[in-house]
Amino acid sequence: MLKSFKWFGLVLLVTGVVLLTLNAASLVAQQRPTIRIIAFAQGFAWPELFGTTGTERTELLKQLEDREGVNIEIEWGDEWAVRQKVLTDLIAHTGRYDIVLVGSDGGVQTYGAGGFLEPLDSYLEEHPSEYFDPNDVYPKFLDANRMPPGGPLYALPYYSFGAGIIYRKDIFDRYGLTPPKTTDELLKVLEKLKQGFERDGITDIYPITMRGAPGEEPTLDLAGFVYAYAGYPAWFEGGAITAEEIKKNKAKPIFTSEDFKKGFKAFVDILRKYGPPGASTHTWVDMMNIYAAGKAAILMPSAINGYAALGITENPDVKNNTRFAKIPVGPGGKQIQSFWTFSLGINKDSKHKLKAWRVLTYLVGKDSMQAFAERTQWPNVTMKSVLYSDVLLSKYGEEEIRLNEESILEADPYYFPYIPELTEFMDKIGTAASRAIAGEDVDTVLNELQTWALERMYKAGYYD
Amino acid sequence: MREQYKFLLPSLIVALVVVAFPTVFLFYISFHRWIIFIQGIEFTGFGNFYSMITSREFIKSLQVTLIFVVTSGLLTFVLGLALALILSERLRGQGIIRTIITLPVIVPPVVAGFTWKFLLNREVGVIGGYLLPALGFQKSLLGDPHLALGSVILADVWSRTPLMFLILLAGLQAIPTEIYEAARIDGASYWQSFRKITFPLLKSAIIIALILRFIDAFNLFDTIFVMTTGGPGIATQTLPLLGWKTGFLYYNLGEAAALAVIMLFITMIVSLLLVRRIRQ
């Protein structure tokens, strides 16, 4: 009987110790601040932390949490849903999300100007993180997250891209073509492809795919054409790109000027003549799918979508014959641009800014970037050390990696104005382009765009 | 009486919190200038309303919405009524046929939108990329501004006809068969029976169906967003899409709220007019 009691007592003791330990651990976990992140690309972004479903708690995540003394939660959604959630959280000042996804094509500009994001320069100086070496990041990717240009840094970039041409070498070889270096050469290449396809009775491959859906999507690329043709961001008089410059110089919009029109018309004409019939509704997803299906010889200027297509294609011709070339230079002496960063910022209303900073630097740091490169094998990374890592060099060779690097180094992230109203302008310009691609007269859409823009800027008090 | 109110109280509280507060806040915002990157919220009276209704985009979106609602509403009504009339008769396999016809209504509008987008896609779609080109039709249904609205209407009609069918079928089955028997004895033809018996007795069901259809079509967002994002250009941009853009892309919450209030009043007026018809 005594022996039984002893064993019983021992079992109770062990159980008690285990329960106490678990309880202590959960208490510690509960007392740790929670850092909430909101982002899109579930299962694609940081699967090493959140798994391929985006909802797992991997060992790496637990180690990060223990190291930083935080609990980390992430909320996912599609891009539009995330944007709306970020907006409502920021304007309501609830501080629900500590780290928010913002893009460098409007989010940084609007939320930075509105004072919703925590400026990060002081964190870089006073709280350097071993996860993130800013000197390893290509400066243009950081510059894209400053508002105004040269001003405070509001976000750090995760995967990011510059401009380039993704093309089918086999098709180019068939018609004796080489990657174009100028926009004039690009037009000649496209015409030769079109004639070649017609001659050979090929009706299901198009010379080029670009995005022309209404809204802000095409503007990221179309603005690059405007920049290349005009030689400067020809949206406002004198090429003003900040709110201050526009106000000081009372710079009016110039959407009906020859400078803007040249690039706008070039983009529209290329899609009308050489793109797929439904291009006026095509988003980056359509571009990617069309190229992946082997239905386009060229994808540009947002080459990242070509690399994404490579990742999903089952077409061996696409897989084996896709190459990258530097983006052509326009008559204005500048390269066509397409530049974007998947950026994360810290909510000004976050109650744990320093902890959020630590987590943020891990999310965009070397380990995360390297994991991204190894998993996707896309060269659209922010850090030199990762771009020249073995995984990418062995996949693409030094030449293509060097070309990718050049496209970043020669990029100009300020090829469109950095104003708080940017998202609205990008939507209107992109929608005007979509209308023109669909067949409306270019002068008509540009006149309407100009009228709208002028009213909008007056209403915003720029010319008082 | 007091006991009845006590039972009503929990629902009323929930309704107040979930419905009344957002509605009041919506009205409040609609009278204020609230652009998120500009500090401060300022009272502007009817400024947002004026700005919205005088904008070219609003007028165009209103036109698109009217065309969409009227065309889609009429088509779903006619098809729904036709199906209800056919399937109210005793037919072999009636149950299975009714089930198949009802299936589209259980497909979420977003899924319906994606499905039709891929079907009509000019490059890879079964209909848009293969069937129509084989018949000599080379245009892109979603890329042509004159055809895109029709394509979106097609998707909506496919999705919503079953609901009309169900409502009208229920209305038809509530009509006593004796009336038809009497009419047949008196020598009435099918068309006469339809005009003098079916249609008048079905009026309430028709009006209810039309009210529901109107509200549904007027507020439709997801299918159109997924299929065309309002494009090409603004060829398929309806008022809900414009409201979404104004709030979430242009960050102009005041004008977006004003548009929502305008839409609310339009919905109320149309519904009231139709309800009046029932009472008459």
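Two residues are taken to be in contact if their C-beta atoms, placed from the backbone, lie within 7 Å. With that cut-off in hand, begin the tour of this predicted model by selecting chain B, where residues 24 or more positions apart account for 70% of the contacts with a separation of 6 or more.

**Chain B as a whole**

Colour chain B by secondary structure, and 12 helices and two strands appear, arranged from the N terminus as α-β-β-α-α-α-α-α-α-α-α-α-α-α. Aligned to its principal axes, the C-alpha trace of chain B occupies a box of roughly 75 × 70 × 30 Å, and 35% of its 280 residues count as buried.

**Where the chains touch**

Now show both chains and select the residues that join them: 24 residues of chain B are in contact with 29 residues of chain A. On the chain B side of this contact, 11 residues are nonpolar, eight are polar and five are charged.

**The two domains of chain A**

Hide chain B and colour chain A in two parts, with residues 32–154 + 340–409 as domain 1 and residues 165–339 + 413–459 as domain 2. The C-alpha centres of these two domains of chain A lie 27 Å apart, and 23 residues of domain 1 are in contact with 20 residues of domain 2. To see what domain 1 of chain A brings to this boundary, select helix H5 (107–113), helix H7 (139–143) and helix H19, the elements that give two or more residues to it. H19(A) supplies the largest share, five residues, while the domain 1 side taken as a whole divides into nine nonpolar, nine polar and five charged residues.

**The five-stranded sheet**

Select strands S1, S2, S3, S4 and S9 of chain A, which form an open sheet in the order S2-S1-S3-S9-S4 with mixed pairing. Strand S2 (71–76) and S4 of chain A stand at the edges with a single partner strand each, so one side of each has no neighbour in the sheet. From one strand to the next the twist averages 20°. Zoom in on strand S1 (residues 34–39) of chain A, which runs parallel to S2(A) and is joined to it by six bridges; there A:Ile37 has A:Ile74 of S2(A) as its bridge partner. Then add helix H4 (residues 79–92) of chain A, which packs on the sheet, touches S1 and strand S3 (99–103) of chain A, and makes about 135° with the direction of S1(A).

**A:Tyr159 and helix H17**

Stay with this sheet and select A:Tyr159, found in strand S4 of chain A. Is A:Tyr159 buried or exposed? A:Tyr159 is buried, because 22 other C-beta atoms lie within 10 Å and the threshold for burial is 20 or more. Leaving out residues up to four places away in sequence, A:Tyr159 touches A:Phe342, A:Phe372, A:Asn380 and A:Val381. One of these, A:Phe372, leads to helix H17 (residues 366–376) of chain A, where A:Lys366, A:Ser368, A:Met369, A:Phe372 and A:Ala373 are buried. The buried residues of H17(A) pack against strand S4 (156–161), helix H16 (353–363), helix H18 (384–387) and helix H19 (390–409) of chain A. Just after H17(A), look for A:Gln377, which takes a positive phi of about 60°.

**The four-stranded sheet**

Move to strands S5, S6, S7 and S8 of chain A, an open sheet in the order S6-S7-S5-S8 with mixed pairing. Its edge strands are strand S6 (206–209) and strand S8 (322–325) of chain A, each pairing on one side only, and the twist averages 25° from one strand to the next. S6(A) and strand S7 (residues 296–299) of chain A run parallel and are joined by three bridges, with A:Ile298 of S7(A) as the bridge partner of A:Ile208. Helix H13 (residues 284–292) of chain A packs on this sheet, touching strand S5 (165–168), S6 and S7 of chain A, and its direction makes about 140° with that of S7(A).

**The nonpolar cores**

Finally, select A:Ile99, A:Ile208, A:Val226, A:Leu344 and A:Leu360, which touch the most other members among the 188 residues of the largest nonpolar core. Helix H10 (residues 217–230) of chain A gives this core its largest share, nine residues, and at least three residues come from each of domain 1 and domain 2 of chain A. Another core lies apart from this one and holds 13 residues, including B:Leu168, B:Leu202, B:Ile206 and B:Leu210.

Notes: Residues numbered from 1 in each chain as written. Chains lettered and ligands numbered in written order. Predicted model: local features only at pLDDT ≥ 70, side-chain atom pairs only at ≥ 80, totals over all residues. Core = buried A, V, L, I, M, F, W, Y, C linked by C-beta atoms within 7 Å. Buried ≥ 20, exposed ≤ 12 C-beta atoms within 10 Å, placed from the backbone. Domains from an automatic or database assignment. Nonpolar A, V, L, I, M, F, W, Y, C, P; charged D, E, K, R; others polar. Pairing = 2+ DSSP bridges. Axes fitted to C-alpha atoms, helices over the stretch in contact; angles between N-to-C directions.
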